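Please open the model in your viewer and keep the sequence beside it, so that each selection can be followed in both. The tour visits one strand and its partners, and then one helix.

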Amino acid sequence: MELPRLTAAAALPEGIGPAYDPAAHGTGIVHIGFGAFHKAHQAAYTEAALARSGGDWRITGVSLRSVEPAAQITPQDGRYTLIERSAARTEAHVIAAVSRVLALPEAPGEVMAALTDPACRIVSLTVTEKAYGLDRAAQGCDPSHPAVKADLKAPEAPAGVLGLLVRALSLRFAAGVPLFTVLCCDNLPDNGALLRGAVIDFARRLDPALAERIGAEVAFPSTMVDRITPAATDETRAEAARLTGFRDEAAIETEGFRQWVIEDHFPLGRPDWEAAGAIFVDDVAPYEQMKLRMLNGTHSMLAYAGFHAGCRYVRDVMADDDLAPLVARHLAAAAGSLPQLPGIDLTAYAQDLRERFRNPGIAHETFQIAMDGTEKLPQRIFAPALEAARAHGNLRPYAFATAAWMRHVTGRTDDCAPYEIRDPRAAEIAGRLVGKTTAAAIVAALCDLPGFMPAGLQDHRLWRALLTDILGTMLAAGMRAALEMERQQATPGASQV
Ligand code: CS2
């Protein structure tokens, strides 16, 4: 029997539906990049804030390219099931904080109307590192990025993040509407400042006076976001139906853990996100660095090494006797690269991360995390590696992670099976690797990828020797042999977090 579809009218089992009247709350947030992570993280915090403190803070979701999120959720009145799986239990909640979702290609006028509506006081974003069009070295925008290029040419019909924000801000200026706060929620260091630099640079190329006003008047708080959220599958939708009694095309699953550290700079106000445990601080940077280097850096390392050792999920990596010690090694190295943070015990953080990675309820694919390495490695791996190089510290854990990425972008498993390299620079990488068969040639080609590896590593002899040695083993003898080599390298008695 076909189950009824989840809608605002669905009579849900006790404790699963919203603990407030959603219809009594207006919309105050436009979220760009409406996908799994937003549904599991910021929307869940906003749900708790609405339930505890109210306010007109419901969310209009926007997807930049895909029309699927809007198609899934519109017949459900914006409702979706959030399944939380911890080792001990599985819980479901139907989230009502999302009032509607728009697909930019289908509804550009409605998206701009939402962004310029005086009721919109926060524009938040989770679009992934690659979608911004950042020039990180210049702290500005990259005019050769396809979306940036197109939007600079046709600023009145933007299709990218910077174009949308600048167009909306300029229309608000013109109409005398107060300016929204821009809240970047992607895994980038100093994400608020990075996005601010790119928005101002983009605006300057169109109208210097506008750039000046954005610089003076728009708040870009930085934030650290954390919740492990795999892509939804048929199993997610089946579980949602089991737990709620309704068919839900937009269901999503995530871990029990969540964390949000935010710089408290919201001139037009904000929801009571503390209701769900968000922490407001003056400086997010140390928290972001901790998360990027420990959680995300280890994730990247284990994704490349794990995928090529035959582990489909992160939890399989953690159950693998060759790989689990490398996870511990990477966490220890990353922890050692960080300053002390008041109230944070890095040893306990590392232990918690291992526990989260082991979560048997979360099927997080190594192949998913392996995506977009050129956008992720600089802040996750190269930044601490560069510091280690300067301090004559241990480069090996970072060299191993980087060699595993290099192994990955060759595009074939140890059994020679091809797979897709999902990276914005995939074509450029493939071009550079044509005819390169030795580890030394591959290392040289990839270290020299423009704007990728910092100069202090590019010309570092030991770094390059380590990469060549480790990649050489991975290519000649396979990933398992490379793992064995790492085991032999481990200093007996070395401290592990
Ligand atoms: C992961 C992150 O896919 C990846 O690169 O490292 O998405 C990670 O799961 C989240 O940052 C957890 O908060």
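**A strand and its partners**

Begin by selecting Ser124, which stands opposite Leu183 in β9, and keep in mind as you look that this is a predicted model. Widen the selection to strand β6, residues 122–125, and to strand β9, residues 181–184, and you will find that the two run parallel and are joined by 4 bridges.

Next add strand β1, residues 27–32, which also runs parallel to β6 and is joined to it by 4 bridges. Within this pairing, Ile29 has Ile122 of β6 as its bridge partner.

Now show the side chains of β6: which way does each one point, and are they buried or exposed? Ile122 and Ser124 point one way, whereas Val123 and Leu125 point the other way, and all of them are buried. In a regular strand, side chains alternate in this manner between the two faces of the sheet.

**A helix with two sides**

Move on to helix α8, residues 208–217, and select Leu210, Ala211 and Ile214, which are buried. If you turn the view to look down the axis of α8, these buried residues fall within an arc of 100°, so they line one face of the helix. Select the other side of α8 and you will meet Pro208, Ala209, Glu212 and Ala216, which are exposed.

To see what covers the buried residues of α8, display helices including α6 (161–175) and α7 (191–206). Finally, select Asp207, which caps the N-terminal end of α8, with a side-chain oxygen 3.1 Å from the backbone nitrogen of Ala209.

Technical notes: Residues numbered from 1 in each chain as written. Predicted model: local features only at pLDDT ≥ 70, side-chain atom pairs only at ≥ 80, totals over all residues. Heavy atoms only, no water. Buried < 20%, exposed > 50% of the residue type's maximum accessible area, 1.4 Å probe, protein only. Arc of directions from axis to C-beta. Contact = heavy atoms within 4.5 Å. Polar contact = N/O pair within 3.5 Å; in protein donor to acceptor, adjacent residues only side chain to side chain. Pairing = 2+ DSSP bridges.
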